[in-house]
Amino acid sequence: MGKIPPALRSAISSNTLLKTPTTTQPEKSPRHFLNKKPSRKSKESVSPETQKIPAVFKSPELSEAKKIFNSLITGKQNHIDRPFHNSLLQSYASISTVDNSISLLRHMIHKNPSFVPDRSTYHILISQSCKEPDSNLSSVRNILNLMVTNGLEPNQGTTDIAVRSLCSVNRVDDAVELVKELSSKNSPPDVYTYNFLVKCLCKCRALSTVYSFVDELRNSFDIKPNLVTYTILIDNVCNTKNLREAMRLVSALSDSGFRPDCFVYNTIMKGYCNLSKGSEVIGVYKKMKEEGVEPDLVTYNTLIFGLSKSGRVGEAKKFLKIMVEAGHFPDAVTYTSLMNGMCREGDAMGAMALLEEMEARGCSPNACTYNTLLHGLCKSRLLEKGIELFGVMEEDGMKLETASYATFVRALCRVGQVAEAYEVFDYAVESKSLSDVAAYTTLESTLKWLKKAKEQGHAV
């Protein structure tokens with residue numbers, strides 16, 4: 001990433017939040033605004049193309065599929081293993097109906113008696129039946145019955161294949177029904193399948209429906225939620241800003257014999273951050289410490305973000321020092337959160353000083369960092385500093401974010417630098433920061449605003 005231009009360094013206070021060893025960095029010649037195209041980074045080396053295996057079956061016609069299979073095994077039945085047959089069945093199942101896939105399987109067995117299907121063979125058919133358009137569970141049940149008839153009882157792998165296949169085509173209710181049915185037949189889901197389904201339910205069903213599913217599996221089949229389950233539920237209610245329910249779930253988690261871990265507390269912290277409730281974020285942090293749960297880097301980043309967002313930058317700076325003392329190295333997320341809070345308070349130059357400290361400590365700023373600073377500088381009417389910073393972004397090929405782009409363009413137009421605003425527009429489009437329409441709409445609305453302001457005598 002680019003370093004701070006010399007013109008910016010001279011205006012930055014030497015005070016820093018964290019003590020760092022003095023380092024001497026070579027001065028760079030001042031950059032000129034928009035006088036050259038940004039240097040393009042070399043693209044990542046492209047790995048060799050994966051050799052594509054041509055599809056064995058190109059037609060869903062069963063008779064054609066049988067002919068192809070017959071030609072493949074002629075004279076070498078004893079030298080073809082089960083994976084070969086399964087791969088052929090998988091290839092055909094991708095273009096055929098379930099009934100035709102079953103027919104081809106029976107043809108395989110008839111033509112090559114040495115081939116004995118296993119669970120993985122029937123799992124191909126189960127996955128296909130789950131994804132077949134306008135299908136229902138009767139098709140899945142037919143495959144399960146076919147398995148049992150051939151001496152293979154469904155197991156947890158069978159349940160997992162069915163659940164994931166059903167959910168992949170948004171048949172979550174069918175997945176719930178099948179899980180209950182298989183659980184009653186001694187094929188309950190394992191913890192991974194169970195939590196996968198809970199997560200899918202959280203995304204598309206009401207919380208009451210999720211709770212009903214969890215309660216029914218616990219009461220009817222003794223399938224109990226674990227720590228991951230509670231974390232999924234807590235994350236879901238936090239995303240809906242229901243923090244009271246999140247804390248209730250933490251209590252329920254403890255009552256079930258689980259100890260909330262760092263991830264659980266971080267999830268709740270994130271929820272309070274979204275509501276800009278700094279006091280509650282600190283409350284969760286204190287509860288973690290009381291419970292003997294050691295905060296990690298995510299904890300401190302979340303804490304600093306929440307405090308900065310709620311206007312408590314001073315406290316956020318204190319936690320920056322605390323996290324370092326605890327052995328956690330601040331990263332780009334940490335610094336950018338603080339810079340955002342400082343810019344919100346109108347201390348854009350203080351945020352620039354933090355950028356210099358960040359780089360001195362060996363932490364590379366990212367595009368989000370620069371966009372935050374560009375937005376803050378323009379909001380604080382420090383356009384010249386914003387222009388210098390944009391030069392760094394342009395040289396390094398960084399993308400502009402919507403908010404910083406709009407603020408920068410407006411700031412340029414405000415002081416009559418309309419030509420430069422058009423150049424920023426060109427860069428936004430060339431760098432694919434924004435779509436052509438979004439970039440132009442922002443520029444057009446800014447120019448209309450400028451014209452109206454001039455007519456009313458308000459343009460500065």
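**Exercise 1. Decide whether Arg171 is buried or exposed, and find the side chain that Arg171 meets in a salt bridge.**

Solution. Arg171 has a relative accessible area of 12%, and because buried means under 20%, this residue counts as buried. The model is a predicted one, and in it the side chain of Arg171 meets that of Asp174 in a salt bridge, with N to O at 2.9 Å. Turning to the partner, Asp174 has a relative accessibility of 22% and therefore counts as partly exposed. The pair is one entry in a wider list, since the structure holds 14 salt bridges.

**Exercise 2. Work out which residues are joined with Lys185 into one network of salt bridges, and state how far apart the closest N and O atoms of Lys185 and Glu181 are.**

Solution. Begin with the pair itself: Lys185 forms a salt bridge with Glu181, and their closest N and O atoms are 3.6 Å apart. Next, consider the surroundings of each partner, for Lys185 is exposed at a relative accessible area of 51%, whereas Glu181 is buried at 18%. Finally, follow the shared partners, through which salt bridges join Arg141, Glu177, Glu181 and Lys185 into one network.

For a further pair, take Asp222 and Lys224, whose salt bridge has its closest N and O atoms 3.9 Å apart; the cut-off for a salt bridge is 4 Å, so this pair is counted. Both Asp222 and Lys224 are exposed.

**Exercise 3. Locate Ser433 between its flanking helices, and describe what its side chain contacts.**

Solution. Ser433 lies in a loop, with helix H22 (418-430) on one side and helix H23 (436-455) on the other. Although it is placed in a loop, Ser433 is buried, its relative accessible area being 18%. The side chain of Ser433 makes a polar contact, at 2.7 Å, with the side chain of Ser431. Once neighbours within four places in sequence are left aside, the residues in contact with Ser433 are Lys399, Leu400 and Ala428.

**Exercise 4. Determine how helices H18 and H19 are oriented to one another, and name the residues through which they meet.**

Solution. Take the axes first: those of H18 (residues 348-360) and H19 (residues 367-379) come within 9 Å and cross at roughly 155°. Angles over 145 degrees count as roughly antiparallel, and therefore H18 is roughly antiparallel to H19. The crossing in which H18 passes H19 is left-handed. On the side of H18, the residues that take part are Ala348, Met349, Ala351, Met352, Leu355, Met358 and Glu359, and they meet Thr369, Tyr370, Leu373, Gly376 and Leu377 of H19.

**Exercise 5. Compare the separation of Asn239 and Asn274 in sequence with their distance in space, and then consider the chain as a whole.**

Solution. Asn239 is part of helix H11 (residues 227-239) and is partly exposed, with a relative accessible area of 46%. Asn239 and Asn274 are separated by 35 residues in sequence, while their C-alpha atoms are 8.5 Å apart in space. For the whole chain, consider contacts between residues at least 6 apart in sequence, of which 67% join residues at least 24 apart. The secondary structure of the protein chain comes to 23 helices and 0 strands, and of its 460 residues, 46% count as buried.

Definitions and conventions:
Residues are numbered from 1 along each chain as its sequence is written. This is a predicted model: local features need pLDDT of at least 70, side-chain atom pairs count only at pLDDT 80 or more; totals for chains, interfaces and linings use all residues. Side-chain values use heavy atoms; hydrogens and water are left out. Helices (H or I, at least four residues) and strands (E, at least two) are DSSP runs, numbered from the N terminus. Buried means under 20% relative accessible area, exposed over 50%, partly exposed in between (1.4 Å probe, protein chains only). A polar contact is a pair of N or O atoms within 3.5 Å; within protein, one must be able to donate a hydrogen and the other to accept it, and residues adjacent in sequence count only if both atoms are side-chain atoms. Contact means heavy atoms within 4.5 Å. Axes are lines fitted to C-alpha atoms, for helices over the stretch in contact, and angles run from 0 to 180 degrees between N-to-C directions. Angles under 35 degrees count as roughly parallel, over 145 as roughly antiparallel, 65 to 115 as roughly perpendicular and the rest as oblique. A crossing is left-handed if the near helix is turned anticlockwise from the far one by less than a right angle, and right-handed if clockwise.
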